[in-house]
Amino acid sequence: MTTTADTDLFARFVDDLADALDDHDLTGDERAARLHFSRYHLDRVVRASAGEPPQALRRRVLLERGRTGWSRPPRR
């Protein structure tokens, strides 16, 4: 059962994932720390909300972006 807090955390994870999608050096522990949660809790919430672990979700988003031809935002 997901709670409102879990839904909020998942939304924050998706926002962070979109912002740092091209940061290939960012580890799961670092991503969890950026969201102020433990790696275990973040993995559990993302898996419950998305049906897959955070790493698989990120990989799927990268593959989908490549398949559909999404472009990267311009770097400033």
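Contact here means heavy atoms within 4.5 Å. The legends below describe views of a predicted model.

**Figure 1. Overall fold of the predicted model, with four helices and zero strands.** Along the sequence the elements follow the pattern α-α-α-α. Of the 76 residues, 26% count as buried. The accessible surface of the protein comes to about 5,400 Å², and carbon and sulfur atoms hold 53% of that surface. Among contacts with a separation of 6 or more, 51% are made by residues 24 or more positions apart.

**Figure 2. The largest nonpolar core, made of 10 residues.** Its members are L9, F13, L17, L21, A32, L35, L42, V45, V46 and L57. Helices α1 (4–19) and α3 (39–50) each supply at least two residues of this core. In soluble globular proteins, nonpolar side chains tend to be buried together. One core member, L17, is in contact with R31, L57, R58 and V61, leaving aside its neighbours within four places in sequence.

**Figure 3. Packing of α1 against α3, at an angle of about 95°.** Two packed helices are described by the angle between their axes and the distance between the axes. For α1 and α3 the axes are 9 Å apart. The two helices are therefore roughly perpendicular to each other, since angles of 65 to 115 degrees fall in that class. From α1, the residues D6, L9, F10 and F13 take part in the contact. On the α3 side they meet H41, L42, R44, V45, V46, S49 and A50. By class, this contact has seven nonpolar, two polar and two charged residues. L9, F13, L42, V45 and V46, listed here in the contact, also belong to the largest nonpolar core.

**Figure 4. Crossing of α3 and α4 (residues 54–68), at roughly 55°.** The axes of these helices come within 8 Å. That crossing angle makes α3 oblique to α4. In the contact, R39, L42, D43, V46 and A50 of α3 meet P54, Q55 and L57 of α4. The residues divide into five nonpolar, one polar and two charged. L42, V46 and A50 of α3 appear in this contact and also in the contact with α1. L57 of α4 is a member of the largest nonpolar core.

**Figure 5. A20 and L26 in the loop between α1 and α2.** The helix that follows this loop, α2, spans residues 28–34. A20 has a relative accessible area of 6% and is therefore buried, the cut-off being under 20%. L26, at 16% relative accessibility, also counts as buried. Not counting residues up to four places away in sequence, A20 touches L26, R31 and R34. With the same neighbours left out, L26 touches A20, R31 and R34. R31 and R34 are thus listed for A20 and for L26. The C-alpha atoms of A20 and R31 are separated by 9.3 Å, and these residues lie 11 residues apart along the chain. R31 is also among the contacts of L17.

**Figure 6. H36 in the loop between α2 and α3.** This residue has a positive phi of about 65° although it is not a glycine. Most residues other than glycine have a negative phi. Is H36 buried or exposed? At 68% relative accessibility, H36 counts as exposed, because the class begins over 50%. A20 and L26, in the loop between α1 and α2, are by contrast buried, at 6% and 16%.

Conventions:
Residues are numbered from 1 along each chain as its sequence is written. This is a predicted model: local features need pLDDT of at least 70, side-chain atom pairs count only at pLDDT 80 or more; totals for chains, interfaces and linings use all residues. Side-chain values use heavy atoms; hydrogens and water are left out. A nonpolar core is a set of buried Ala, Val, Leu, Ile, Met, Phe, Trp, Tyr and Cys residues joined through side-chain atoms within 4.5 Å. Buried means under 20% relative accessible area, exposed over 50%, partly exposed in between (1.4 Å probe, protein chains only). Accessible areas come from the Shrake-Rupley method with a 1.4 Å probe; for residues, only the protein chains shown count as cover. Axes are lines fitted to C-alpha atoms, for helices over the stretch in contact, and angles run from 0 to 180 degrees between N-to-C directions. Angles under 35 degrees count as roughly parallel, over 145 as roughly antiparallel, 65 to 115 as roughly perpendicular and the rest as oblique. Ala, Val, Leu, Ile, Met, Phe, Trp, Tyr, Cys and Pro count as nonpolar, Asp, Glu, Lys and Arg as charged, and the others, Gly among them, as polar.
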